[in-house]
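Q: I would like to learn how to read a fold from its computed features. Where should a reader begin?

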Amino acid sequence: MWKFLIFFTLNSIIYANISNKEIANMFILGFNGDNLSKTKLCGSGIGGVIIFKKSPTGKPYKNFYDAKSLKRLTNNLKKCIDKPLIAVDQEGGLVQRIKFSHKYPKASTVAKKGLRFAQKTYETMASELHSLGVNLNFAPVADLAINPNNQVIVKYGRSYGNLNSVVAYDSVFINAMHKYSVATTLKHFPGHGSSLGDTHKGFVDVTKLWKPIELQPYYKLAKYTDAIMVAHIYNKILDANYPASLSKSVITNKLRGDIGFGGVVITDDLQMGAIKSHYTLKQTIRLAINAGDDILLFANQLSPKSSITIDKLVKITRELLEQGAIKESSIKRANVRINRLKNRLY
């Protein structure tokens, strides 16, 4: 009995070293509406949010409807959350969440018009994002246009083309964002340009299609970007058991070890079919943290009834910590990298 009490007390002391705010700092969430008092985000310690104009439910808008409403939202977010990362997907072309005064061309079009055009385009984009209070862009795309039948990158012109083009135009994109204090996110590690399937819909195996050259943009650009987003693609060459976003072999060994990336690692949206259809929420959190992800992204672009709250995510992560399924050191290391990024932005 005494041994049990001593063990329980020591465990309580150990896990008390991790605060709920440190756990919450590892999550970026989407949320519905623009009334923050209804979201439970304020004061939660959450790392950040991802915002959308388009609503998945058919409503007129999800978080904002014009520049004024977006600026009001980002101002309110910064008042109620400590140093929030406020993220959007703003690549240009099909993937741009902000379309007010400018509609930005897709990557393949930019690559045809040259680096000077790219610089002007992306500095305009960065200036607009900064003026609206956005400080994290889930871009640029570092995928190579390897497979002409690719349904998620090549089909929509989201790649700049071959390795040299991707490195050159991604560099211009990153420099433009940094000029206006907007953090960048290279995606989708370890390479999505060779795939056939769409991870939004389900499991995508790229083992027979993927090529090692798809890692080269990351070797060349890792020291310049703030963050790297990991895809949900499954590649038996890199990990025979798990998709990249949940793989220690891919993230800790390859991205951290071989490539030497020291910035923030972010998962792609963990509510995509490739993950949600195969893992429970608790399994997903456990695998992602143990793999070495710093920020776990839940975009909440589904029905509001299935939205995941920060309270639920913190509760599950706390349970995993107390069960010894994840390590305190993983949360501490993630917070160091996340806070380093935040301190550069604020």
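The turns below go from the whole chain to single elements and one side chain.

A: Begin with the status of the coordinates: this is a predicted model. Then take the inventory: the protein chain holds 12 helices and 10 strands.

Q: What radius of gyration would a compact globule of 346 residues have, and what does the protein chain have?

A: The general idea is to set the chain against a rule for globules. For 346 residues the rule gives a radius of gyration near 20 Å, and the protein chain has 20 Å, so the two agree. The extents add detail: along the principal axes, the C-alpha trace spans about 75 × 45 × 35 Å.

Q: How are burial and contact order read for the whole chain?

A: As fractions. Residues under 20% relative accessible area count as buried, and 55% of the 346 residues do. Among contacts with a separation of 6 or more, 74% link residues 24 or more positions apart.

Q: What is the strand order of the open sheet, and which strands are at its edges?

A: A sheet is read by listing its strands in spatial order. Here 8 strands form an open sheet in the order β9-β8-β7-β6-β3-β2-β1-β10, with parallel pairing. The edges are β9 (264-267) and β10 (296-298), each of which pairs on one side only.

Q: How is a single pairing described?

A: By its direction, its bridge count and a residue pair that fixes the register. Strand β8 (residues 227-230) runs parallel to β9 and is joined to it by 4 bridges; Met229 has Ile266 of β9 as its bridge partner. Further along, β6 and β7 are parallel with 2 bridges, and Asn137 is matched with Thr184 in β7. Strand β2 (residues 48-50) pairs with β3 in the parallel sense over 3 bridges, where Gly48 has Leu85 as its partner.

Q: Are the faces of β3 covered or open?

A: In a regular strand, side chains alternate between the two faces of the sheet. In β3 (residues 85-88), Leu85 and Ala87 lie on one side, Ile86 and Val88 on the other, and all are buried, so both faces are covered. For β7, 7 of the 7 residues are buried, so that strand is largely enclosed by the rest of the structure.

Q: How many residues does helix α6 have, and what span should they give?

A: A helix can be checked for regularity by its rise of 1.5 Å a residue. The 17 residues of α6 (residues 163-179) should span 24 Å, and the end C-alpha atoms are 24 Å apart, which agrees. At the N-terminal end, Asn162 acts as a cap, with a side-chain oxygen 3.3 Å from the backbone nitrogen of Asn164. Just after the helix, Ser181 takes a positive phi of about 60°.

Q: What do the buried residues of α6 pack against?

A: The buried residues of α6 include Leu163, Val167, Asp170, Phe173 and Met177. The buried set packs against β4 (90-92), α4 (107-113), α5 (115-131), β6 (136-137), β7 (183-189) and α7 (216-221). Another helix, α11 (residues 310-322), lies across β1 (27-29) and β10, at about 155° to β1.

Q: Is Lys254 buried or exposed?

A: Compare the relative accessibility with the cut-off of 20%. Lys254, in helix α8 (residues 248-258), has 19% and therefore counts as buried. Beyond its neighbours within four places in sequence, Lys254 is in contact with Phe189, Leu215, Tyr219, Leu238, Ser249 and Ile259.

Terms used
Residues are numbered from 1 along each chain as its sequence is written. This is a predicted model: local features need pLDDT of at least 70, side-chain atom pairs count only at pLDDT 80 or more; totals for chains, interfaces and linings use all residues. Side-chain values use heavy atoms; hydrogens and water are left out. The expected span of a helix is 1.5 Å times one less than its number of residues. Buried means under 20% relative accessible area, exposed over 50%, partly exposed in between (1.4 Å probe, protein chains only). Contact means heavy atoms within 4.5 Å. A polar contact is a pair of N or O atoms within 3.5 Å; within protein, one must be able to donate a hydrogen and the other to accept it, and residues adjacent in sequence count only if both atoms are side-chain atoms. Two strands pair if DSSP finds at least two bridges between them. Axes are lines fitted to C-alpha atoms, for helices over the stretch in contact, and angles run from 0 to 180 degrees between N-to-C directions. The radius of gyration is taken over C-alpha atoms; the globule rule is 2.2 Å times the number of residues to the power 0.38.
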